Amino acid sequence: MKSEKIGHLKRRVHEEFVAMMRYGVVGVTAYLVNLALYVVLTDWFGVHYLIANGVGYIAIVVVSYVLSVKWVFTYRRLRSHRKEFFAFTFITIGAMLISTGVMWLFVDVFGWNDILSNVLTNILQTAWGYVPKRVFLFSEGKHHSDAASPEAYDFERPSGADD
């Protein structure tokens, strides 16, 4: 019995490690799309760096969501893909607001290079984004008491059909 629990724990730790590594790859991929957009918008079109940062985050949301649900997470709590995308976006927007504030601090207050600041803030955003997405959207178990009705949850992987 004890060895079964240890074996189960090892499998869960391994699965979580794989998900975290994949999430890191997704973060890098989404970030490269963000950085390319950022450089094109700021250097080629003269767009203000904070606006370019916001546009880049739109790309991050789309790329991260698609890759996360297709490759990173094996379990999806919400039946509604629209609600899931909204919650995913809400978490990412929170990270974007924090990132934008930190980027402003790095560039305008500390005088750091804007591209270096963009790289650093996106590393922070990727690290911050994993935990709430994993806990609230892509994990098994009970939701907190303030969650939506139980009908909103599908405690099995969806068949792949979208809303």
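Read along the sequence, the chain runs α-α-α-α. That makes four helices and zero strands. The model is a predicted one. The chain has 163 residues, and buried residues make up 36% of them.

**The helices**

Helix α1 covers residues 2-44. Helix α2 spans 49-72. Helix α3 takes in residues 81-109. Helix α4 runs over 114-136.

**Salt bridges**

How many salt bridges does the structure hold? There are two. One joins the side chains of Glu-16 and Arg-134, with 2.7 Å from N to O. This pair links distant parts of the chain. Glu-16 sits in helix α1 and Arg-134 in helix α4, 118 residues apart. The two partners differ in burial class. Arg-134 has a relative accessible area of 17%, so it is buried, the cut-off being under 20%. Glu-16 is at 24% relative accessibility, so it counts as partly exposed.

The other bridge brings together the side chains of Glu-84 and Arg-76, at 2.3 Å from N to O. Here both Glu-84 and Arg-76 are buried.

**The second largest pocket**

Glu-16 and Arg-134 appear again at a pocket. The second largest pocket has a volume of about 230 Å³. Its lining counts 14 residues. Which of them lie nearest the centre of the pocket? They are Arg-12, Glu-15, Glu-16, Thr-74 and Arg-134. Helix α1 gives the most to this lining, with six residues. By class, the lining of the second largest pocket divides into six nonpolar, two polar and six charged residues.

**The cavity**

The structure holds one cavity of 30 Å³ or more. The volume of the largest cavity is about 80 Å³. Which elements give two or more residues to its lining? They are α1, α2 and α4. The lining consists of Tyr-23, Gly-27, Ala-30, Tyr-31, Ile-60, Ser-64, Asn-122, Gln-125, Thr-126 and Lys-133. Four of these lining residues are nonpolar, five are polar and one is charged.

**A nonpolar patch on the surface**

Turn now to the outside of the model. Trp-104, Leu-105, Val-109, Phe-110, Trp-112, Leu-116, Leu-120 and Ile-123 form a nonpolar patch on the surface. Together they have about 720 Å² of accessible area. Which helices each supply at least two residues of the patch? The answer is α3 and α4.

Leu-120 is one of the patch residues. It is found in helix α4. Is Leu-120 buried or partly exposed? At 31% relative accessibility, Leu-120 counts as partly exposed, because it falls between the 20% and 50% limits.

**Contacts along the fold**

Three further residues can be placed by helix and by a partner elsewhere in the chain. The table gives the separation of each pair in sequence and in space.

| Pair | Separation along the chain | C-alpha to C-alpha distance |
|---|---|---|
| Leu-37 and Ala-59 | 22 residues | 8.5 Å |
| Val-66 and Phe-85 | 19 residues | 9.4 Å |
| Gly-101 and Thr-121 | 20 residues | 9.3 Å |

Leu-37 lies in helix α1. Its relative accessible area is 31%, so Leu-37 is partly exposed. Ala-59, its partner in the table, is 22 residues away along the chain.

Val-66 has its place in helix α2. With a relative accessible area of 40%, Val-66 is partly exposed. Its C-alpha atom is 9.4 Å from that of Phe-85.

Gly-101 belongs to helix α3. Gly-101 is partly exposed as well, because its relative accessible area is 34% and the class runs from 20% to 50%. The C-alpha atoms of Gly-101 and Thr-121 are separated by 9.3 Å.

**In brief**

The predicted model is built from four helices without strands. Glu-16 and Arg-134 tie helix α1 to helix α4 through a salt bridge, and both residues are among those nearest the centre of the second largest pocket. Helices α1 and α4 are also among the elements that line the largest cavity. On the surface, α3 and α4 each supply at least two residues of the nonpolar patch.

Terms used: Residues numbered from 1 in each chain as written. Predicted model: local features only at pLDDT ≥ 70, side-chain atom pairs only at ≥ 80, totals over all residues. Heavy atoms only, no water. Buried < 20%, exposed > 50% of the residue type's maximum accessible area, 1.4 Å probe, protein only. Patch = residues over 30% accessible without salt bridge, like charges linked within 9 Å, V, L, I, M, F, W, Y side chains within 5 Å. Areas by Shrake-Rupley, 256 points an atom, 1.4 Å probe, with all protein chains shown as cover. Salt bridge = Lys/Arg side-chain N within 4 Å of Asp/Glu carboxyl O. 1 Å grid on protein atoms, 1.4 Å probe; cavity = no way out; pocket = protein on both sides within 12 Å on 5 of 7 lines; lining within 4 Å. Points joined across faces, edges and corners; volume = space filled by probe spheres on them. Nonpolar A, V, L, I, M, F, W, Y, C, P; charged D, E, K, R; others polar.
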